[in-house]
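I opened this entry to keep track of what I looked up. My notes follow in the order in which I made them.

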Amino acid sequence: MSAGVMMLRGALGNRSLVIGLVLSLVFVGAALVSFAWVPQDVGAMDIPNRMQPPSGAHLLGTDHFGRDILSMIMVGARTSIAVAVVAVVIGMGLGVPLGLAAAARRGSLIDEVIMRGNDLVFAFPSLLIAIMITAVFGPSAVNAIIAIGIFNIPVFARLTRGAALSLWTRDYVLAARVAGKGAVRISAEHILPNVTNLLIVQGTIQFSLGILAEAALSYVGLGAQPPIPSWGRMLADSQTMISLAPHMAIFPGMAILLTVLGLNLMGDGLRDLFDPRIRRARQ
Amino acid sequence: MLRYVLKRLVSLVISLAVASLVIFLAIEVVPGDPAAYMLGLNAQPDTLAALRDQLGLNGTIPARYLSWIGGMLTGDFGTSYTYRTPVADMIGERMWISLPLALYALSLSTLIAFPAGVWAASRRGSAVDMGVMGVTQLGVAIPNFWFAMLMVLVFAINLRWFSAGGFAGWEQGFLAGMKSLTLPAIALALPQASILTRVMRSSLLDTLSEDFIRTARAKGLTRRQVLWRHALRNAMIPVLTIIGMQFSFLLAGAIIIENVFFLPGLGRLVFQAISARDLIVVESVLMLLVFAVIVVNFAVDVAYAAVDPRLRGRR
């Protein structure tokens, strides 16, 4: 059996991976479909039909402006996913090279500066970074991306450095050094490919944390601004009407919960798939 | 041990200095003239000049930074532009909601996670273990402010056990104050308790597979005796670190949860200050929160080294 087939078989036999993947794909799919079609235009207000409970015409009901909640959730998925994905890209794009550099020059001044810088960023929870940025530039989805992205940098830098440090002691790295390869080439050709699996798993986790952070930021008004629909914003709008129209709060919250749950399960599943030793040890 | 503490103390001071510099530069220098920003587009030149003077903006940047830091060290956080009251008083007042809320949530999270983690680890692979792990999976994925809203719907609006928001005030008595903080603390504690349960469980499982546990079992101790006498103590180290880290997340998270329950804490203060462009307040609250995070992490590191001498040499 080829390695690919074995991997696929392992993947299909991994319950959390399959459930997580399906859940995540549902929401990514909803976001993609929303570009082409939504049940009802999210800009269209229909005051006479506001706060309608779920019905045939509106599967998940309507909000306080009579907008279709299912459509809002589909379009809101775009915001959540875009913010979280770009934040992961920022975190990886800056954190991974920093971690590789710190590991390649272990114990040097560069290593020390990078790691202390990491500690410093760690002292600023993403919410505080967002507050700082918003106080200066005003609230927007872009500022939410930057805040969550900055928060992601030390996560990836630490992970990469830790994994790379142990790789640098391996024989094949020694062989590469003997062959005259420099630190940058060794990092790119031998270290990076061997930390990719770890990065994918952590990327999934940071993706799900990003969705939660985006929801929290837009809930307090520091994220995407109206009229752009976002899940956090929908929850903020529903708050004062929760006793009259609980469905307005329940469905966007379920969307966040299920997306995050799906991504977390997928992360767990991927970790087991990439490193069967952990799975055996955990059972 | 003393050397280690001194070394950590030096890095604590450096971290605080750099963090304060970052906050200062971000808030005061990057956007141009804070006075113009605070007053908006239609500001009169003389009002602007007066405000600049009041804010001490006429000095050089290093001088302004030093006077800000000097003021903070002596308890003078400046005067709020919108409220015209000392920022230190405003923060002091609201601290009495945010800090008890974070501590309440931390206690809840520890009280839930401890038994749940031990229970799951001691019945590894059983239905109990699966159930606990399933619940924590949900607890990590649920947005806590949404969970808070659902609790308001059920326990405040439908069952009327708690009020839907607001703070009774400590002058109404300790219990009344704690009652207003109960739903917020549960919401805040839920994700942290889930994380802590998982850490507790896996740390205990790791310890239980160590050689000294096998030795203890071989010398005739029962599973229960081994668990309580040997395994738990050794499993505590990672758990303590996470508890320390969680405190900072709880303080920051409290800012969001306060919004759900209309609690007049630091969170409400900072969001009102942002919309009122009251940058002095934003700056001070940020510095205070970052200060708390850095100091708590320092305390955890030191406590950690006191428990485990091996850690003193590292780093």
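I began with a pair of charged side chains, Asp111(A) and Arg161(A), which meet in a salt bridge with 2.9 Å from N to O. The model is a predicted one, and I read the distance as a computed value. I then looked up where the two residues sit. Asp111(A) belongs to helix H4 of chain A, residues 109-122, and Arg161(A) to helix H6 of chain A, residues 141-168. The two are 50 residues apart, and the pair links distant parts of the chain. Over all chains, I find 11 salt bridges in the structure.

Next I asked how many salt bridges there are between chain B and chain A. The count is zero. I turned to polar contacts and got three residue pairs across the interface of chain B and chain A, with both residues at pLDDT 80 or more.

I then listed which elements of chain B give two or more residues to the side that touches chain A. They are helices H1 (2-29), H6 (127-141), H7 (144-158), H10 (223-260), H11 (266-275) and H12 (279-307) of chain B. I sorted that side of chain B by class and noted 36 nonpolar, four polar and three charged residues.

For the extent of the interface, I have 43 residues of chain B in contact with 40 residues of chain A. The buried area between the two chains is about 3,600 Å², and carbon and sulfur atoms give 80% of this. Which three residues supply more than any others of the area that chain B buries against chain A? I found Phe145(B), Trp146(B) and Met149(B), which together supply 17%.

I went on to the fold of chain B. I count 12 helices and zero strands in chain B. Its C-alpha atoms fill a box of roughly 85 × 60 × 35 Å along the principal axes.

Back in chain A, I checked helix H8, residues 183-219. The helix has 37 residues, but its end C-alpha atoms are only 45 Å apart, whereas a straight helix would reach 54 Å at 1.5 Å a residue. I looked for where H8(A) bends. The bend is at Leu192(A) and comes to about 50°. A proline, Pro193(A), follows within four residues of Leu192(A). Last, I looked past the helix: H8(A) is followed by Gly221(A), whose phi is positive, near 90°.

Key: Residues numbered from 1 in each chain as written. Chains lettered and ligands numbered in written order. Predicted model: local features only at pLDDT ≥ 70, side-chain atom pairs only at ≥ 80, totals over all residues. Heavy atoms only, no water. Contact = heavy atoms within 4.5 Å. Buried area = accessible area lost by both parts, 1.4 Å probe. Salt bridge = Lys/Arg side-chain N within 4 Å of Asp/Glu carboxyl O. Polar contact = N/O pair within 3.5 Å; in protein donor to acceptor, adjacent residues only side chain to side chain. Nonpolar A, V, L, I, M, F, W, Y, C, P; charged D, E, K, R; others polar. Expected span 1.5 Å × (residues − 1). Bend = angle between axes of the 7 residues up to and from the residue.
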